[in-house]
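New to this one? Here is a quick briefing to read alongside the sequence and the 3D view.

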Amino acid sequence: MTNVPSPESARPTEFTLDLKVVAAVVSLIVLLVVAVAIAIALVITIGSNANLAERQARFTDAVKAAALHAKGLANDERGFLISGNDEFLNQMDGRIDLARAAFDAAEQSASPDQRGTVANAREAFERWLDGLNTEIAVYQSGDTESAIESSLGPSRSLRKTYEGWLADATSLGTAAFQDATSAVATAAVVSVMILVGYLLVAVIVGMFIALWVIRTV
């Protein structure tokens, strides 16, 4: 009598060569997809830190520009009070526009932690401008002594206030820029380490897959 194999004994105990090849190809594709996903995530992280560094650079430059134009205005103020030359008044108009444009740029690039400092600096600057306009009007009315006293008293106090806020904003921007650039460098190093580590793992896994298929052949 012919022995009919039972269903259990008829089942293959190992993968066939075709199945092993398919499994090997799928495994390699998975390794490749994971590698691409890791690379994309790392690039996004580095790009985000680089964008933050660029934003902080714009913020710091804008704050420094506002401080520079404001300082030019203060020089024009002293020049006008000393000489009474209207040329200094004409220069003031241009500097005021430039200073306000710089404040606008700083506010656009500021982080949430920096906006309050910039807002305080701008508020103090605008109050100083109001006092400056009053001071000029008093000078032009003929009361030069009162105008000069105002420039040395209340006007000077307001100027020192906005200069202090601008100095604080510059410090915040510089520190944030340094942190962002450091984060970019750290992310780059970590990315290289992760990719090298993954490459080693992928090579080892690939070798095991190859041996697994070769043993069947």
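Read from start to end, the protein follows the pattern α-α-α-α-α-α. That makes six helices and zero strands. Keep in mind that this is a predicted model. Of the 217 residues in the protein, 29% are buried.

**Helix H4 and what follows it**

- Helix H4 covers residues 112-140, which is 29 residues in total.
- From its first C-alpha to its last, H4 reaches 43 Å, close to the 42 Å expected at 1.5 Å a residue.
- Just after H4 comes glycine 142, which takes a positive phi of about 110°.
- Aspartate 113 has its place in helix H4.
- Is aspartate 113 buried or exposed? Aspartate 113 counts as exposed because its relative accessible area is 70%, and the cut-off for exposed is over 50%.
- Aspartate 113 and alanine 169 are 56 residues apart along the chain, yet their C-alpha atoms are separated by 9.9 Å.

**Salt bridges: the overall count and a pair inside one helix**

- How many salt bridges does a search of the whole structure find? The search turns up six.
- One pair to look for is glutamate 54 and arginine 58, whose side chains meet in a salt bridge at 3.7 Å, N to O.
- Glutamate 54 and arginine 58 both sit in helix H2, four residues apart, or about one turn of the helix.
- Glutamate 54 is partly exposed at 46% relative accessibility, and arginine 58 is partly exposed too, with a relative accessible area of 43%.

**Salt bridges between helices H3 and H4**

- Arginine 100 and glutamate 126 bring their side chains together in a salt bridge at 3.0 Å, N to O.
- Arginine 100 belongs to helix H3 (residues 87-109) and glutamate 126 to helix H4, so this pair ties together parts that are 26 residues apart in sequence.
- Arginine 100 is partly exposed, at 33% relative accessible area, and glutamate 126 is partly exposed at 23%.
- Another salt bridge joins the side chains of arginine 122 and glutamate 107, at 3.2 Å, N to O.
- Here, too, distant parts of the chain are linked: arginine 122 is in helix H4 and glutamate 107 in helix H3, 15 residues apart.
- Why does arginine 122 count as buried? Its relative accessibility is 17%, and buried means under 20%, so arginine 122 falls on the buried side of the cut-off.
- Glutamate 107, with 33% relative accessibility, counts as partly exposed.
- Which residues are joined into one network by salt bridges that share partners? They are Asp104, Glu107 and Arg122.

**A positive patch on the surface**

- Lys71, Arg78, Arg156 and Lys160 form a positive surface patch.
- The elements giving two or more residues to this positive patch are helix H2 (17-83) and helix H6 (154-216).
- On the H2 side, arginine 78 lies in helix H2 and is partly exposed, with a relative accessible area of 38%.
- On the H6 side, lysine 160 has its place in helix H6 and is partly exposed, with a relative accessible area of 42%.
- Lysine 160 and alanine 124 are 36 residues apart along the chain, and 9.2 Å separates their C-alpha atoms.

**A nonpolar patch on the surface**

- Which residues form the nonpolar patch on the surface? The patch is made by Val22, Val26, Val30 and Val34, which together have about 300 Å² of accessible area.
- Valine 30, one of these residues, is found in helix H2.
- Valine 30 counts as partly exposed because its relative accessible area is 45%, and partly exposed covers values between the 20% and 50% cut-offs.

Definitions and conventions: Residues are numbered from 1 along each chain as its sequence is written. This is a predicted model: local features need pLDDT of at least 70, side-chain atom pairs count only at pLDDT 80 or more; totals for chains, interfaces and linings use all residues. Side-chain values use heavy atoms; hydrogens and water are left out. Patches are made of residues with over 30% relative accessible area and no salt bridge: like charges are joined within 9 Å, nonpolar side chains (Val, Leu, Ile, Met, Phe, Trp, Tyr) within 5 Å. Accessible areas come from the Shrake-Rupley method with a 1.4 Å probe; for residues, only the protein chains shown count as cover. A salt bridge is a side-chain nitrogen of Lys or Arg within 4 Å of a carboxyl oxygen of Asp or Glu. Lys and Arg count as positive and Asp and Glu as negative; His and the chain ends are not counted. The place of a charge is taken as NZ of Lys, CZ of Arg, CG of Asp or CD of Glu. Buried means under 20% relative accessible area, exposed over 50%, partly exposed in between (1.4 Å probe, protein chains only). The expected span of a helix is 1.5 Å times one less than its number of residues.
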